[in-house]
Amino acid sequence: MHAQLIDGNALAQKIRAEVAGRTQALKARGVEPSLAIILVGEDPASQVYTRHKANDSTQTGLKATLETYPADLPEAALLDRIRALNEDPAVHGILVQLPLPKHMDASKVIEAIAPAKDVDGFHVASAGALLTGQRGFWPCTPYGCMKMLESIGYDLRGKHAVVIGRSNIVGKPMALMLLQKDATVTICHSRTRDLKALTLQADVIVAAVGKRNVLTADMVKPGAVVIDVGMNRNDEGKLCGDVDFAGVKEVAGWITPVPGGVGPMTRAMLLVNTLEAAERAAG
Ligand code: NAP
């Protein structure tokens, strides 16, 4: 293997330990960081994700409450509950697990969360803060990717970063974060012509598509840093990313694995955001 591995599990563990320490310090001041997680419906993947988020929080010393509601919960009832949580000074972070049932307007629900408690970083106020370089909450997945780059001491100034994918929760915020660190950023998507010509110029590639083998070895400049956000299943049903890991690791300088890469970092950054929300509330 040529590329060095960026170990998301190890880095996430380090971040959780830091969060645990800061949480203890905050508790000593009488403030218990608290995350409210809302799950509507019985989607099995969402049930797993929300359980993980709650367990991660409690294991790190934060308080987490997981509220579950039936799939037919009226949207107005969910909005009322969010408003009540917004008003509750003992709650610092509010997370509504997506996707929501079809009868609900996800944007309307997310916009109902107080920006000061938007620990997922999906509110338009958070997006606007990122765009304008103001203090807000960064979405956990791209935030975790930035921490991975930071962990290897990578200096993004003047580097060419190519982000594949332009979703509001990964691709676009990822591009803005890279730009904030002075990278020259190219955003690619399903209509991009000649993706390979662009990725071959990249010093850093972030693949956030949701399709296997979007990035193969022939598309990577030797020594490039490759971050794989994708979560897919291979023919054997095993979790895999967007990157052809076996091929690309022979060319890249650094690479994140799937599993054990961006996934655990996403979970860790939710804890960081929740703690941050509590610290800000505590002044
Ligand atoms: P998304 O909303 O479906 O966006 C996918 C993006 O990929 C779109 O912008 C799409 O372009 C682009 N795309 C599709 N086919 C392409 C192609 N052949 N070439 C170039 N671009 C292409 O997905 P997402 O929510 O951003 O998530 C992306 C992946 O990351 C998924 O696998 C998801 O499960 C994973 N994910 C992982 C974590 C984690 O913690 N590890 C967290 C979040 C997401 P258009 O805009 O033109 O359609």
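So, to kick off: how many helices and how many strands does the secondary structure of the protein chain come to? The count is ten helices and eleven strands. Bear in mind, everyone, that what you're looking at is a predicted model.

Okay, overall shape. If you take the C-alpha atoms along the principal axes, they fill a box of roughly 55 × 40 × 40 Å. The radius of gyration is 19 Å, and that agrees with a compact globule, because a globule of 283 residues would come out near 19 Å.

Now the inside and the outside. Out of the 283 residues, 49% count as buried. On the outside, the accessible surface of the chain comes to about 13,100 Å², and carbon and sulfur atoms account for 52% of that.

What about contacts along the chain? Take the ones between residues at least 6 apart in sequence: 70% of those join residues at least 24 apart.

Charges next. We've got 31 positive side chains and 30 negative ones. The centres of those two sets lie 2 Å apart.

Let me finish with one residue, T274. You'll find T274 in helix α10, which covers residues 262-282. Is T274 buried or exposed? Its relative accessibility is 0%, so T274 counts as buried, given that the cut-off for buried is under 20%. And which residues is T274 in contact with, once we leave aside its neighbours within four places in sequence? Those are S34, L35, L62, H92 and V119. If you have the structure open, go to helix α10 and pick out T274 there.

Terms used. Residues numbered from 1 in each chain as written. Predicted model: local features only at pLDDT ≥ 70, side-chain atom pairs only at ≥ 80, totals over all residues. Heavy atoms only, no water. Helix = DSSP H or I, 4+ residues; strand = E, 2+ residues; numbered from the N terminus. Rg over C-alpha atoms; globule rule 2.2 N^0.38 Å. Buried < 20%, exposed > 50% of the residue type's maximum accessible area, 1.4 Å probe, protein only. Contact = heavy atoms within 4.5 Å. Areas by Shrake-Rupley, 256 points an atom, 1.4 Å probe, with all protein chains shown as cover. Lys, Arg positive; Asp, Glu negative; His and termini not counted. Charge placed at Lys NZ, Arg CZ, Asp CG, Glu CD.
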